[in-house]
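This report goes through selected contacts, salt bridges and surface features of one protein chain. The structure is shown first, and the notes follow it.

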Amino acid sequence: MDLVISTISQGFLWALLAIGVYLTFRVLDIADLTVEGSFPLGAATAATLLTVGFHPIAAILAACIAGMASGVVTGFLCTKLKIPALLAGILTMIALYSVNLRIMGKANLPLLQQDTIFTIWHFGMDKMTATLVIGAGIVLIVAAANYWFFGTEIGAAVRATGDNPHMIRANGINTDAMVVLGLLMSNGLVAISGALVAESNGFADVGMGVGTIVIGLASVIIGEVLFGTRSFFNCLISVILGSIVYRAVIAIVLQMGMPPNDLKLFTAILVAIALSMPLIKARFTSARKAVK
């Protein structure tokens, strides 16, 4: 039961990363690698502020602002300097490595005796259960806020920018501003995820962002394959559930004896299989028809 609670709670904390990746990968149709820098940026910002006495909520909000700033930088490189989105994300990610080291002052910053959101709002529960409840509450609030925002005129314009930028530009919408806004929102959510993971794990590390884009993609693809994409609301729920399923798969393979050093390789293979599922299904269907 402890393993189940821990797995689900971590799934909720990482679900914010998955939602952020979904906003760029599916809504904006951009492969944004900034997340590999903005995730540890959120962790570094929150951990540093906690060690100097800031309230955990203030630390998380500051992490969100820092993540938004990194998204704006990527958006500026992409829209104003006309650098391809993939390369712009890589440039920002590389720059953030040094920024994160500057913020923390060292490669690893422990939170040994610091109060976190999971210790001050435990409501009499143990830390594991408190992490599950608080993580689920934050994710549901974020999902509801995104569902509301993307139903507004501006949110619809962001979605239309990803679907058909030429059409939305012909209607007088500034697509560059919509791209920057989408990147801002995405990396803000990713930074919040990094801050929550750091507060939950009790440390922030400069290398904790390595492979986060693959983790986010795995959650998005697994959620879409298992739970569908019938509507935007369905997509948000699918991404959250995909994050939990991904964490469950990782917990299972670790229990089966897989070395932790092989997790990145396993995740990459899992994402490759999930991305190829539509092609596999199509060929399987055509093969069945040919046999009949």
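## Leu-196 and the nonpolar core

Setting aside residues up to four places away in sequence, Leu-196 touches Leu-13, Leu-16, Ile-60, Ile-117, Phe-118 and Ile-138. The model is a predicted one. Leu-196 is also one of the four residues that touch the most other members of the largest nonpolar core, together with Leu-17, Tyr-22 and Phe-150. That core holds 72 residues. Helix 1 gives the most to this core, with 12 residues.

In soluble globular proteins, nonpolar side chains tend to be buried together.

## Leu-13 in helix 1

One of the residues touched by Leu-196 is Leu-13, which is found in helix 1. Leu-13 has a relative accessible area of 1%, under the 20% limit, and is therefore buried. Beyond the residues up to four places away in sequence, Leu-13 touches Phe-118, Thr-131, Gly-135, Ser-193, Leu-196, Val-197 and Ser-200. Phe-118 is among the residues listed for Leu-196 and is also listed for Leu-13.

A distance along the chain can be added for Leu-13. Thr-24 is 11 residues from Leu-13 along the chain, and their C-alpha atoms are separated by 19 Å.

## Asn-187 in helix 9

Is Asn-187 buried or exposed? The relative accessibility of Asn-187 is 0%, so this residue counts as buried. Asn-187 lies in helix 9. With neighbours within four places in sequence left aside, Asn-187 is in contact with Asp-32, Thr-34, Val-35, Ser-38, Gly-67, Met-68, Ser-70 and Gly-71.

For Ser-38, there is a polar contact between side chains: the side chain of Asn-187 meets that of Ser-38 at 2.9 Å. Leu-23 is 164 residues away from Asn-187 along the chain, while the C-alpha atoms of the two are separated by 9.5 Å.

## Salt bridges

How many salt bridges are counted? The count comes to two. In one of them, Glu-224 pairs with Arg-26, and the closest N and O atoms are 2.7 Å apart. Glu-224 lies in helix 10 (residues 212–227) and Arg-26 in helix 1 (residues 2–27), so this salt bridge ties together parts that are 198 residues apart in sequence. Glu-224 counts as buried because its relative accessibility is 17%, under the 20% limit. Arg-26, at 37% relative accessibility, counts as partly exposed.

The side chains of Asp-176 and Lys-82 also meet in a salt bridge, at 4.0 Å from N to O. This pair links distant parts of the chain, 94 residues apart: Asp-176 is in helix 9 (residues 175–201), and Lys-82 is in the loop between helix 3 (56–79) and helix 4 (85–104). Asp-176 has a relative accessibility of 23% and counts as partly exposed. Lys-82, at 60%, is over the 50% limit and therefore counts as exposed.

## Leu-77 in helix 3

Lys-82 appears again among the contacts of Leu-77. Leu-77 has its place in helix 3, and at 15% relative accessibility this residue counts as buried. Not counting residues up to four places away in sequence, Leu-77 touches Lys-82, Ile-83, Ala-88, Leu-91 and Thr-92. Leu-77 and Leu-87 are 10 residues apart in sequence, and the distance between them in space is 9.1 Å, C-alpha to C-alpha.

## A nonpolar surface patch

Which residues make the nonpolar surface patch? Val-225, Leu-226, Phe-227 and Leu-241 form this patch, which covers about 300 Å². Helix 10 gives the most to the patch, with three residues. Val-225 is found in helix 10. At a relative accessible area of 35%, Val-225 is partly exposed. Helix 10 is also where Glu-224 of the salt bridge with Arg-26 lies.

Terms used:
Residues are numbered from 1 along each chain as its sequence is written. This is a predicted model: local features need pLDDT of at least 70, side-chain atom pairs count only at pLDDT 80 or more; totals for chains, interfaces and linings use all residues. Side-chain values use heavy atoms; hydrogens and water are left out. Helices (H or I, at least four residues) and strands (E, at least two) are DSSP runs, numbered from the N terminus. Buried means under 20% relative accessible area, exposed over 50%, partly exposed in between (1.4 Å probe, protein chains only). Patches are made of residues with over 30% relative accessible area and no salt bridge: like charges are joined within 9 Å, nonpolar side chains (Val, Leu, Ile, Met, Phe, Trp, Tyr) within 5 Å. Accessible areas come from the Shrake-Rupley method with a 1.4 Å probe; for residues, only the protein chains shown count as cover. A nonpolar core is a set of buried Ala, Val, Leu, Ile, Met, Phe, Trp, Tyr and Cys residues joined through side-chain atoms within 4.5 Å. Contact means heavy atoms within 4.5 Å. A polar contact is a pair of N or O atoms within 3.5 Å; within protein, one must be able to donate a hydrogen and the other to accept it, and residues adjacent in sequence count only if both atoms are side-chain atoms.
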